[in-house]
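Work through the exercises below with the sequence and the coordinates at hand, and try each task before reading its solution.

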Amino acid sequence: MNITIVGRKCTPRESFKDRAALKLHKVEKFFGPDATAKVTATVEKNVKIVEITLQKGGFIFRAQERAQDLEEALDNCVDSLIRQIRKNKTKLERRLREVSFDEVFNAPDTADEETEYDVVRTKAVILKPQTVDEAILQMNMLGHEFYMFRNAESEEINVVYKRSDGGYSILEPDEAG
């Protein structure tokens, strides 16, 4: 597994990097050696935050945990990832072991109870060009956790969402990834 460790407002020690590699080895058994993992360690006032993003074959798993020290946050974050993987294990195993990403998503849909999701509503959205600030304002006025809009600067369809830490993030299309 290719592991990248990044520090925000801190420089992770070698012991943290070694522990991260050891802990992520547990997750590697699910994905194999060609998966990539990005570990971000952040220090804010009196709390440490570890975020892990795993990518393999078009699937992205993300977990973020807070604790009093980085090692505890790392342990909790890896445990959270493993819970996500186990929860969706049967669905993932079938897709991850297929020949290629394109074949998985272009194959005819097999309707069995494991892969069915209960879509209860479909909603048409008018995508007028807006700035990011306008989109965040609109999202907050609607009381939603996310909002899809056409970015006035890039003309691309974006999604803005409220993060658990109170900040906002934007999802932008990336044709390369």
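The exercises that follow concern a predicted model, and they go from the overall fold to single residues.

**Exercise 1. The overall fold**

Determine how many helices and strands the protein chain has, and in which pattern they follow one another along the sequence.

Solution. Begin with the count, which gives five helices and eight strands for the protein chain. Next, read these elements along the sequence, where they follow the pattern β-α-β-β-β-α-α-α-β-α-β-β-β. Then turn to burial: the protein chain has 177 residues, of which 30% count as buried. Finally, consider the contacts in the protein chain with a separation of 6 or more, of which 37% are accounted for by residues 24 or more positions apart.

**Exercise 2. The packing of α1 and α2**

Describe how the axes of helix α1 and helix α2 are placed relative to each other, and list which residues meet.

Solution. Two packed helices are described by the angle and the distance between their axes. The first helix here, α1, covers residues 14-31, and the second, α2, covers residues 70-87; their axes come within 10 Å and cross at roughly 5 degrees. Angles under 35 degrees count as roughly parallel, and α1 and α2 are therefore roughly parallel to each other. On the side of α1, the residues that meet α2 are S15, F16, R19, A20, K23, L24, K26, V27, F30 and F31, while α2 contributes L70, E71, L74, D75, V78, I82, I85 and R86. Sorted by character, the residues of this contact of α1 with α2 divide into eleven nonpolar, one polar and six charged.

**Exercise 3. Salt bridges**

Find how many salt bridges the structure has, and examine where the partners K23 and D75, R62 and E51, and R163 and D165 meet.

Solution. Side chains of opposite charge can pair when their charged atoms come close. Applying a limit of 4 Å between nitrogen and carboxyl oxygen, the count comes to five salt bridges.

Step one takes K23 and D75, whose side chains meet in a salt bridge at 3.6 Å, N to O. This pair links distant parts of the chain, since K23 is in helix α1 and D75 in helix α2, 52 residues apart. K23 is buried, with a relative accessible area of 16%, and D75, at 16% relative accessibility, also counts as buried. K23 and D75 are, moreover, linked with R19 in a network of salt bridges.

Step two takes R62 and E51, whose side chains meet in a salt bridge at 3.4 Å, N to O. R62 lies in strand β4 (residues 59-67) and E51 in strand β3 (residues 47-56), so the pair ties together parts that are eleven residues apart in sequence. R62 counts as partly exposed at 36% relative accessibility, whereas E51 counts as buried at 16%.

Step three takes R163 and D165, whose side chains meet in a salt bridge at 3.6 Å, N to O. Here R163 counts as partly exposed at 21% relative accessibility, and D165 counts as partly exposed at 38%.

**Exercise 4. The aromatic pair**

Identify the geometry of the aromatic pair formed by Y147 and F149, and state whether these residues are buried or exposed.

Solution. A search of the whole structure finds one aromatic pair. Y147 and F149 form this pair, with 6.5 Å centre to centre and 15 degrees between the planes. Planes under 30 degrees apart count as stacked, and the pair of Y147 and F149 is accordingly assigned as stacked. Both Y147 and F149 are buried.

**Exercise 5. Strand β2 and two loops**

Establish the surroundings of T42, and then inspect the phi values of K9 and K45.

Solution. T42 is found in strand β2 and, at 10% relative accessibility, counts as buried. Leaving aside residues up to four places away in sequence, T42 touches R8, V47, K48, I49 and L70.

For the backbone, recall that most residues other than glycine have a negative phi. K45, which lies in the loop between β2 and β3, has a positive phi of about 40 degrees although it is not a glycine. K45 counts as exposed at 85% relative accessibility. K9 has a positive phi near 60 degrees, and its place is in the loop between β1 (2-8) and α1. At 69% relative accessibility, K9 counts as exposed.

As a last step, take N46, which lies in the loop between β2 (36-44) and β3 and is exposed, with a relative accessible area of 57%. The C-alpha atoms of N46 and A67 are separated by 9.1 Å, with the two residues 21 residues apart along the chain.

Methods
Residues are numbered from 1 along each chain as its sequence is written. This is a predicted model: local features need pLDDT of at least 70, side-chain atom pairs count only at pLDDT 80 or more; totals for chains, interfaces and linings use all residues. Side-chain values use heavy atoms; hydrogens and water are left out. Axes are lines fitted to C-alpha atoms, for helices over the stretch in contact, and angles run from 0 to 180 degrees between N-to-C directions. Helices (H or I, at least four residues) and strands (E, at least two) are DSSP runs, numbered from the N terminus. Angles under 35 degrees count as roughly parallel, over 145 as roughly antiparallel, 65 to 115 as roughly perpendicular and the rest as oblique. Contact means heavy atoms within 4.5 Å. Ala, Val, Leu, Ile, Met, Phe, Trp, Tyr, Cys and Pro count as nonpolar, Asp, Glu, Lys and Arg as charged, and the others, Gly among them, as polar. Rings of Phe, Tyr and Trp (its six-membered ring) pair if their centres lie within 6.5 Å; planes under 30 degrees apart count as stacked, over 60 as edge-to-face and the rest as tilted. Buried means under 20% relative accessible area, exposed over 50%, partly exposed in between (1.4 Å probe, protein chains only).
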